[in-house]
Amino acid sequence: MIIIMEPKASEAQVQRVIEFLKSNGFEIRFNRGEVHTVIDALGDKTTVTPGRIAAFDGVKEVKVIREPFRLASRDLKSEDTVIEFSNGVKIGGNNKPVAMVGPCSIEEDYDGLLKVAYAAKEMGCQFLRGGAFKPRTSPYDFQGYGEKALKYMRNAADETGLLTVSEVMDASDLDLMCDYIDVLQIGARNVQNFKLLHAVGKCNKPVILKRGLASTIREFLLAAEHIMYNGNHNVILCERGIRSFDSAFTRNVMDIASIPVIKKYSHLPIIVDPSHGTGQRYLIEPMAKAGLIVGADGVMIEVHHDPENALSDGKQSLPIPMFKEVMGRINELTDRLHYEKECLSANVVKEI
Ligand code: PEP
Ligand code: MN
């Protein structure tokens with residue numbers, strides 16, 4: 001790390017910083033300019049964090065060269081992480097993007113859920129998604145059907161040959177959820193619930209980690225780091241839009257650029273969720289495509305058999321006929337992108 005001292009920092013203040021770093025095993029080089037003294041410290045930042053140095057009197061700024069996320073970083077692992085399921089489905093790397101679709105909440109109409117699951121299977125999707133424990137902004141909104149929903153979801157997924165994705169809100173639900181669910185989801189509102197991140201870090205199920213409403217990309221990757229640090233390296237990131245100042249036409253602001261940025265700095269797979277990202281049915285197709293074009297490893301889309309009567313997020317859910325049309329066009333795009341990727345990796349140019 002590089003420590004820039006205040007112009008008026010005294011010699012004693014400079015020496016105190018240097019002595020502290022040296023006593024913690026850091027190698028020091030320093031440069032006394034006309035105005036600033038700059039200290040270049042090489043060493044292990046797990047015990048001496050930049051925040052601790054910033055607290056010393058006379059320190060103006062501490063700059064870190066290496067990213068604070070390590071296990072999630074490409075510096076440590078350059079090749080893409082690929083997550084593989086027992087049925088052969090793979091997420092990440094050069095694999096074809098996957099699709100996770102289903103209602104926001106799993107509701108009591110099992111036949112309706114089954115219709116969605118059959119449509120998902122027909123359109124080549126691999127995962128059925130749906131909430132059993134719902135993180136709702138208002139306590140008066142529908143909170144989810146809990147275990148009953150998990151059972152419905154498992155049955156519908158088994159009948160149609162899909163994997164299941166559902167959100168865990170509390171570590172005490174993990175044992176129950178692991179009986180029914182193939183991929184645990186951490187929702188946007190829990191991205192910095194560190195105890196929950198640690199708990200899923202100790203599970204042997206892959207985890208979808210959604211970007212928080214106000215997470216920077218660094219904070220998002222550090223949240224993934226919390227899961228990985230606890231042992232679970234099967235983390236799938238999900239860009240689902242962030243809160244910004246203009247909510248007139250979209251529920252959130254989709255940060256499409258975060259996808260290639262994350263691909264550059266991390267080896268973890270990342271999927272795109274245009275349903276929560278925009279909150280608008282008509283924006284799902286273009287934003288899913290945008291995410292895939294810039295490198296997303298999959299899409300998450302809300303689909304409901306009767307959106308007008310959905311218990312949550314009906315406005316952003318696709319009805320089944322529209323889902324089939326949209327998914328058909330998304331599939332055409334993923335086929336083309338995958339073909340181009342293969343051509344590129346084989347270093348040959350073919351006619352499309
Ligand atoms: C969801 O996937 O239904 C959900 C609540 O998502 P988010 O956490 O991104 O709001
Ligand atoms: Mn939802």
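This is a tour of a predicted model, going from its domains to its largest pocket and then to two single residues.

**Stop 1: the domains**

Colour residues 2-63 and 83-347 separately. The domain assignment of the protein chain names these ranges domain 1 and domain 2 respectively. Their C-alpha centres are 44 Å apart.

**Stop 2: the largest pocket**

Next, select Lys45, Glu67, Pro68, Arg70 and Leu222. Of the 16 residues lining the largest pocket, these are the closest to its centre. The pocket has a volume of about 480 Å³.

Now add residues 217-229, which form helix α7. This helix provides the largest share of the pocket lining, namely five residues. Which domains contribute to the lining? Domain 1 (2-63) and domain 2 (83-347) each supply at least three residues. Sorted by character, the lining has seven nonpolar, six charged and three polar residues.

**Stop 3: Asp273**

Move to Asp273 and show its side chain. Asp273 is in the loop that runs between β13 (270-272) and α9 (274-278). Is Asp273 buried or exposed? Its relative accessibility is 0%, and the cut-off for buried is under 20%, so Asp273 counts as buried.

Two side chains should be displayed with Asp273. The side chain of Lys210 makes a polar contact of 2.6 Å with that of Asp273. The side chain of His276 makes another with Asp273, at 2.7 Å.

To see the wider surroundings, select Lys210, Cys238, Glu239, Arg240, Met254 and Met300. These are the residues in contact with Asp273 once its neighbours within four places in sequence are left aside.

**Stop 4: Gln126**

Finally, select Gln126, in the loop between α3 (110-122) and β8 (127-129). Show Ala99 with it: the backbone nitrogen of Ala99 is 2.8 Å from a polar atom of the Gln126 side chain.

Which other residues touch Gln126? With neighbours within four places in sequence set aside, Gln126 is in contact with Val89, Pro97, Val98, Ala99, Leu162 and Leu163.

For a last view, keep Gln126 selected, add Glu61 and zoom out until both are on screen. How far apart are Gln126 and Glu61 in space? From C-alpha to C-alpha the distance is 48 Å, with a separation of 65 residues in sequence. Glu61 falls within the range of domain 1 (2-63), and Gln126 within that of domain 2 (83-347).

Note on methods. Residues numbered from 1 in each chain as written. Chains lettered and ligands numbered in written order. Predicted model: local features only at pLDDT ≥ 70, side-chain atom pairs only at ≥ 80, totals over all residues. Heavy atoms only, no water. 1 Å grid on protein atoms, 1.4 Å probe; cavity = no way out; pocket = protein on both sides within 12 Å on 5 of 7 lines; lining within 4 Å. Points joined across faces, edges and corners; volume = space filled by probe spheres on them. Helix = DSSP H or I, 4+ residues; strand = E, 2+ residues; numbered from the N terminus. Nonpolar A, V, L, I, M, F, W, Y, C, P; charged D, E, K, R; others polar. Domains from an automatic or database assignment. Buried < 20%, exposed > 50% of the residue type's maximum accessible area, 1.4 Å probe, protein only. Polar contact = N/O pair within 3.5 Å; in protein donor to acceptor, adjacent residues only side chain to side chain. Contact = heavy atoms within 4.5 Å.
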